[in-house]
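Student: I would like a close look at one part of this protein. Please start with the whole chain and then zoom in.

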Amino acid sequence: MEKQLEITAQAGRPMLGDFIQINLFSPGSQESLLTGTLQHLVELEGALNLDDPQSEICRILTVEGDDSFEMSKPTAEVLEKALDISTLSDGYFEPFREESKNLDLKCLIRGYIIDEAVKMMREKNPNLMGMVHLAEGIRFFNCPKKSIHVRMSNANIEKELGLFKDAIATTESRGNLYDHESATLYLHPLRHGISGRHTVSVIADTSMSANALTKIGLYAPQTIIQSCVAELDAQIIVFDEAGEIEEIFEESKAYSFDQGHISYSSYDGSNMD
């Protein structure tokens, strides 16, 4: 019988148009750590909120002429990563495309928030075990082998996916590509052979990489997808409407799907992704 991770403490709050949730699996009181982590994330949200015209990142993106700003470290790290992935993907990851409401950049910022939460908690308690979930991304830390349930575009089908790395991101189900509130809405045409009935899941080292690669998996040509996963040491899995694996993009080494001894899902049955 599979061993189940037991939640020992949890915290969450609305963030960046969604809800961030932190679950811990280690014993002991962690209330002060969780409170401090959420306070830090609120500060990051203030600087990186694309829906707030007065946020630091919005002011930088709309600067004209000789106006200049001294960027904070979080903003600089997000923009540098955005440029790197845009270059890596030959522009198919478009973080600064205004008419797409900066949704590429938004997914990257959400990934950054997750990664920063993990970083802060591990700095405070290196042995702490848990996970962080925000929008399309989930990242585990210090967990043994694990797996997660992914809901297909057909809401009655889900797959248990073994994770060989800590971060996973997945496109949303139920018509997400045409929903104006969706984290995966985009204006590019989907790449040949992909439709709104497909589900793209990405396994990577960080949530920033995983979140960005969901966009690349939807829109970039296969050759670019392959070069991106090789560079970022990640894996992209494309499921068809029936939940069958249609494509896998990964490094030359093959990964087994039967790696998850510990099963965990942060979703209930009504909104599982």
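How many helices and strands does the protein chain have? After that, please take me through helix 6 and the sheet it packs on.

Tutor: Keep in mind that this is a predicted model. The protein chain has six helices and 11 strands. It holds 273 residues, and 55% of them count as buried. Take the contacts with a separation of 6 or more: 61% of them join residues 24 or more positions apart.

Now the helix. Helix 6 spans residues 222–232. Its buried residues are I224, I225, C228, V229 and L232. Where do they sit around the axis? They cover an arc of only 130 degrees, so they lie on the same side of helix 6. Turn to the face directed away from that buried side. There you find the exposed residues T223 and E231.

What covers the buried side? The cover includes two helices, helix 3 (73–88) and helix 5 (207–219). It also includes strand 9 (235–239) and strand 10 (245–249). Helix 6 packs on the sheet by touching these two strands, strand 9 and strand 10. The direction of helix 6 makes about 55 degrees with that of strand 10. Just after the helix comes D233, which takes a positive phi of about 50 degrees.

Next, strand 9 itself. Five of its five residues are buried, so the strand is mostly covered. Look at the side chains. Q235, I237 and F239 point one way. I236 and V238 point the other way. In a regular strand, side chains alternate between the two faces of the sheet. Here the residues pointing either way are buried.

Strand 9 has a partner on each side in the strand order. Strand 8 (residues 199–204) runs antiparallel to strand 9, and five bridges join them. One pairing to find is T199 with its bridge partner F239 in strand 9. Strand 10 also runs antiparallel to strand 9, here with four bridges. In this pair, V238 has E247 as its bridge partner. Strand 9 and strand 10 form a hairpin with five residues between the strands. In that hairpin, G243 takes a positive phi near 85 degrees.

Step back to the sheet. It is open and has eight strands, in the order 1-2-3-4-7-8-9-10. The pairing is antiparallel. Strand 1 (9–15) and strand 10 stand at the edges. Each has a single partner strand, so one side of each is left without a neighbour in the sheet. On average, neighbouring strands are turned by 15 degrees against each other, direction ignored.

Go to the other edge. Strand 1 and strand 2 (residues 18–24) run antiparallel and are joined by seven bridges. R13 has I20 in strand 2 as its bridge partner. Helix 1 (residues 31–48) lies across strand 1 and strand 2. It runs at about 15 degrees to strand 1.

One residue in strand 7 (residues 167–170) deserves a stop: T170. Is T170 buried or exposed? Its relative accessibility is 6%, and buried means under 20%, so T170 counts as buried. The side chain of T170 makes a polar contact with the side chain of S201, at 3.0 Å. A polar atom of the T170 side chain also lies 3.3 Å from the backbone oxygen of V200.

Finally, the nonpolar interior. The largest nonpolar core has 61 residues. Those with the most contacts inside it are I109, I113, M121, V132 and I236. You have met I236 already, in strand 9. Helix 4 (residues 103–124) gives this core its largest share, 10 residues. Take I109 and leave aside its neighbours within four places in sequence. I109 is then in contact with L16, L48, L50, I57 and V78. A second, separate core has 16 residues, including M131, I138, V150 and M152.

To recap: the buried residues of helix 6 lie on the same side of the helix. Helix 6 touches strand 9 and strand 10. Strand 10 stands at an edge of the sheet.

Conventions:
Residues are numbered from 1 along each chain as its sequence is written. This is a predicted model: local features need pLDDT of at least 70, side-chain atom pairs count only at pLDDT 80 or more; totals for chains, interfaces and linings use all residues. Side-chain values use heavy atoms; hydrogens and water are left out. Buried means under 20% relative accessible area, exposed over 50%, partly exposed in between (1.4 Å probe, protein chains only). A polar contact is a pair of N or O atoms within 3.5 Å; within protein, one must be able to donate a hydrogen and the other to accept it, and residues adjacent in sequence count only if both atoms are side-chain atoms. A nonpolar core is a set of buried Ala, Val, Leu, Ile, Met, Phe, Trp, Tyr and Cys residues joined through side-chain atoms within 4.5 Å. Contact means heavy atoms within 4.5 Å. The arc is that of the directions from the helix axis to the C-beta atoms. Two strands pair if DSSP finds at least two bridges between them. Axes are lines fitted to C-alpha atoms, for helices over the stretch in contact, and angles run from 0 to 180 degrees between N-to-C directions.
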